[in-house]
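Here is a friendly walk through a few parts of this model. Please have the sequence and the 3D view open as you read.

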Amino acid sequence: MDAMVLHALGTPLRAETRPDPVPGPGEIRLKVEACAVCRTDLHVVDGDLPDPMLPIIPGHEIVGRIEALGPGVTGLRPGQRVGVPWLGHSCGQCPYCAEERENLCDSPVFTGFTRDGGFATHTVADARFAFPMAEQADAVALAPLLCAGLIGWRCLSMAGEGRTIGLYGFGAAAHIIAQVCRWQGRRVFAFTRPGDTATQDFARSLGATWAGGSDEPTPETLDAALIFAPVGALVPAALRAVRKGGRVVCGGIHMSDIPAFPYRILWGERQVLSVANLTRRDGAEFLALAPQIGLKMETTRYPLARANEALADLRAGRLQGAAVLVPGMTG
Ligand SMILES: [Zn+2]
Ligand SMILES: [Zn+2]
């Protein structure tokens, strides 16, 4: 197999050829069709997250076809298309797993962080954490659903039933969740990097009622705000934008420090929450819903060998929607 491998934090991925991985008990081997690039991959590469496995093959928004079943796998068949998300395994024993809050598992395994992921032609996954995916759809359009879509969905669920939703950071997750909000009849207010009129236009094209810079005041008080950008200063900005009783949901795995803010912007039973990882129930719910919404997925495709370029473009904010690595693509 070919893979893009991180050997040392803060260094570029290196192209390598390795023997095809062999699925162990309860595992499946996939031929990767597409793997989207998530901001969390940047945090992995940069060393922002504790206890990475090194060397590691990043990538946790994997769509692929099953090539081989390990011992004891039932309910999946060779040739079937599945998706593999960030939560690659949970212990099944801890108090969180016992409550079906496996996203908070005490001994989790994360795809592309503590087990090898999808920046490769092949990968091995725990069969219990692989989701059957639409067989006919474009794999490139499906891949961003596995994290941007799924974590975005969990954030939106945590935001409650509000009708006016602020989205801070309009990348892969927000471009999906804006469409989900519109489909649900909610109104979307998109906050981008100051001066990024291209992304503001993009947000409006996906149905946002209003789009502007994160330094601008909200034109209407919001019921809830979802923060997808890794910028702690957005927390007080979003608190100022939400109504009494409103929620600010932080969707990223890592954020710069949140600056001090006056208590009065939290007062009024406003809440600040974080969203961690996903449960399999989130996956089943969202992946069943997604085809009904008619999501327009904005993607930029890269051959596997150009993974570093995809990461750099994401870091610089040079793309709209999601970057997706396509192992079969040349160029
Ligand atoms: Zn657990
Ligand atoms: Zn992710």
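The report below covers two metal sites, a pair of helices and one leucine.

## About the model

This is a predicted model, in which local features need pLDDT of at least 70 and side-chain atom pairs count only at pLDDT 80 or more, while totals for chains, interfaces and linings use all residues. Residues are numbered from 1 along each chain as its sequence is written, chains are lettered from A and ligands numbered from 1 in the order in which they are written, and side-chain values use heavy atoms, leaving out hydrogens and water.

## The zinc ion (ligand 1)

Four cysteine sulfurs hold this ion: C91 (SG), C94 (SG), C97 (SG) and C105 (SG) lie 2.3 to 2.4 Å from the zinc ion (ligand 1). Donors here are N, O and S atoms within 2.8 Å of the metal (3.2 Å for Na, K and Ca); water is not among the atoms, so sites may look incomplete. Along the chain, the donor residues follow the pattern C-x2-C-x2-C-x7-C.

The site is tetrahedral, with angles of 104 to 119 degrees among the four donor atoms; four donors earn that label if all angles lie between 85 and 135 degrees. For reference, the ideal angle for four tetrahedral donors is 109.5 degrees. C97 and C105 are both buried, where buried means under 20% relative accessible area (1.4 Å probe, protein chains only).

## The zinc ion (ligand 2)

For the zinc ion (ligand 2), the donors are C38 (SG), H60 (NE2) and C147 (SG), at 2.0 to 2.2 Å. Their spacing in sequence is C-x21-H-x86-C. H60 sits in the loop between α1 and β4 (62-69) and C147 in the loop between α3 (139-142) and α4 (148-159), so the pair ties together parts that are 87 residues apart in sequence. Helices (H or I, at least four residues) and strands (E, at least two) are DSSP runs, numbered from the N terminus. Both H60 and C147 are buried.

## A leucine in a loop

L295 belongs to the loop between α8 (280-293) and β16 (299-303). Its relative accessibility is 17%, so L295 counts as buried. Leaving aside residues up to four places away in sequence, L295 touches L145, I176, Q179, V180 and A290; contact means heavy atoms within 4.5 Å. L295 and A141 are 154 residues apart in sequence, yet their C-alpha atoms are 9.2 Å apart in space.

## Helices α1 and α9

Helix α1 (residues 39-46) packs against helix α9 (residues 307-316) at an angle of about 105 degrees, with the axes 10 Å apart. Axes are lines fitted to C-alpha atoms, for helices over the stretch in contact, and angles run from 0 to 180 degrees between N-to-C directions.

Technical notes: Four donors count as tetrahedral if all angles lie between 85 and 135 degrees; four count as square planar and six as octahedral if opposite donors are over 155 degrees apart and all others between 65 and 115; anything else is irregular. Buried means under 20% relative accessible area, exposed over 50%, partly exposed in between (1.4 Å probe, protein chains only).
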